[in-house]
Amino acid sequence: MVFYWVSFGDPETAKQFVSVSTFVFAIFAGFFIARQGRRYNEITRSLTNLDGNVSALYRLIDYFGSEAQSKMADNIRSYYDPIFKNHAWDWNLTHKSSLMTNTHAIVKEYGSKEKLNDLEKSAVAQCMTMLNQLQSVRKYLIALYQERIPRQQWVLIVALCVILLVTIAMLPSIGDVLAATLKAAYATIILLVLAMLRQFDTLSFYEGSIGQHSAQDVLDILAGKK
């Protein structure tokens with residue numbers, strides 16, 4: 001309605017600025033959205049890799065007996081419970097986690113017996129390999145988690161957004177319902193692009209928690225559902 005009744009500036013000047021600011025904003029927004037989308041996919045892939053190793057460790061520990069597997073199950077639940085309780089996939093990246101420490105202790109306790117059969121020896125070797133992989137995945141996840149858009153670049157993007165919104169408002173639309181509607185729609189889309197970029201940056205673009213289904217699959221394995 002504001003665009004229909006009020007004129008904000010010189011239309012000719014606005015047309016020139018709209019062209020330039022749209023081009024620059026599109027380049028910057030497109031670059032950062034693509035970059036954050038890649039980051040999101042990498043985090044999802046890494047979490048799936050982590051969950052796969054955790055479930056494999058649980059099955060391997062079974063070679064040392066039900067008692068060892070029961071301890072491993074408790075260890076895994078203590079790792080995943082805070083994630084679901086707080087709806088925070090990054091809980092164990094921002095808080096101390098003892099998953100690998102406890103797993104190593106379990107393997108050491110049951111895998112250091114004097115007499116181990118061939119399957120147990122193989123299980124120990126595979127567990128140690130997976131623990132090394134888990135450590136690498138964790139470090140990679142921490143690096144990806146911290147790969148957010150710097151404050152200076154946010155200032156630049158927001159500044160370009162404001163300039164574009166101002167120049168759009170300067171375009172003539174008094175008494176023209178279609179022009180006023182298109183201006184309002186264009187301005188709304190620009191703000192939605194900014195909001196989408198923010199959601200990608202904070203890893204909250206998709207509904208639910210990242211890796212939620214993969215983590216739930218691990219818990220289902222512990223419960224004997226899979």
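This is a short walk through one predicted model, going from its nonpolar cores out to its salt bridges and surface.

Okay, let's start inside. The largest nonpolar core has 40 residues, and the ones that touch the most other members are Leu50, Val54, Ile61, Ile76 and Tyr80. If you want to know which helices feed that core, the elements giving two or more residues are α2, α3, α5, α6 (118-145) and α9. There's also a second core, separate from that one, with 16 residues, and Val18, Ile33, Ile168 and Ile190 are among them.

Stay with Ile76 for a moment. Setting aside anything up to four places away in sequence, Ile76 touches Val54, Tyr58, Leu99, Val218 and Leu222. Two of those names come back when we get to α9, where Val218 and Leu222 are both on the list of buried residues.

Now, Leu99. You'll find Leu99 in helix α5, which runs over residues 99-111. Is Leu99 buried or exposed? Buried, because its relative accessibility is 6% and the cut-off for buried is under 20%. Who does Leu99 meet, once we leave aside neighbours within four places in sequence? The contacts are Val54, Asn75, Ile76 and Tyr79. Take Val54 from that list: Leu99 and Val54 are 45 residues apart in sequence, and their C-alpha atoms are 9.2 Å apart in space.

Asn75 is the polar one I'd like you to look at. Asn75 sits in helix α3, residues 66-86, and with 4% relative accessibility Asn75 is buried as well. So what does the side chain of Asn75 reach? The backbone oxygen of Leu99, at 3.2 Å. Beyond that, and again not counting residues up to four places away, Asn75 touches Ser98, Leu99, Asn102, Thr103 and Ile106.

Right, over to α9, which covers residues 212-222. The buried residues there are Ser214, Ala215, Val218, Leu219, Asp220, Ile221 and Leu222. Gln216 is in that helix too, but Gln216 is partly exposed, with a relative accessible area of 31%. Put your cursor on Gln216 and then on Phe84: they're 132 residues apart along the chain, and their C-alpha atoms are separated by 9.0 Å. After α9 comes Gly224, and its phi is positive, near 80°.

On to the charges. How many salt bridges does the structure hold? Six, and I'll go through some of them.

Let's take Glu109 and Lys71. Their closest N and O atoms are 3.2 Å apart. This pair links distant parts of the chain, with Glu109 in α5 and Lys71 in α3, 38 residues apart. As for cover, Glu109 is partly exposed at a relative accessible area of 45%, and Lys71 is partly exposed at 32%. So we have α3 and α5 joined by this salt bridge, and we also have the Asn75 side chain reaching the backbone oxygen of Leu99.

Arg45 and Glu42 are another pair, with the closest N and O atoms 2.8 Å apart. Both are in helix α2, residues 11-61, three residues apart, which is about one turn of the helix. As a reminder, an α-helix has 3.6 residues a turn, so residues three or four places apart point the same way.

Arg198 and Asp201 have that spacing as well. These two are three residues apart in helix α8, residues 177-201, so about one helical turn separates them. Their side chains meet in a salt bridge at 4.0 Å, N to O. How do the two partners compare for cover? Arg198 is partly exposed at 44% relative accessibility, whereas Asp201 is buried at 2%. Arg148 comes in here too: Arg148, Arg198 and Asp201 are linked in a network of salt bridges.

Last stop, the surface. Which residues make the nonpolar surface patch of about 220 Å²? Val158, Val162 and Val166. Look at Val162: that residue lies in helix α7, residues 151-170, and Val162 is partly exposed, with a relative accessible area of 43%.

To recap the places to click on: Ile76 and Val54 in the core of 40 residues, the Asn75 side chain with the backbone oxygen of Leu99, the Glu109 and Lys71 salt bridge, the network of Arg148, Arg198 and Asp201, and the patch made by Val158, Val162 and Val166. That's my tour, thanks.

How values were computed: Residues are numbered from 1 along each chain as its sequence is written. This is a predicted model: local features need pLDDT of at least 70, side-chain atom pairs count only at pLDDT 80 or more; totals for chains, interfaces and linings use all residues. Side-chain values use heavy atoms; hydrogens and water are left out. Patches are made of residues with over 30% relative accessible area and no salt bridge: like charges are joined within 9 Å, nonpolar side chains (Val, Leu, Ile, Met, Phe, Trp, Tyr) within 5 Å. Accessible areas come from the Shrake-Rupley method with a 1.4 Å probe; for residues, only the protein chains shown count as cover. Helices (H or I, at least four residues) and strands (E, at least two) are DSSP runs, numbered from the N terminus. Buried means under 20% relative accessible area, exposed over 50%, partly exposed in between (1.4 Å probe, protein chains only). A polar contact is a pair of N or O atoms within 3.5 Å; within protein, one must be able to donate a hydrogen and the other to accept it, and residues adjacent in sequence count only if both atoms are side-chain atoms. Contact means heavy atoms within 4.5 Å. A nonpolar core is a set of buried Ala, Val, Leu, Ile, Met, Phe, Trp, Tyr and Cys residues joined through side-chain atoms within 4.5 Å.
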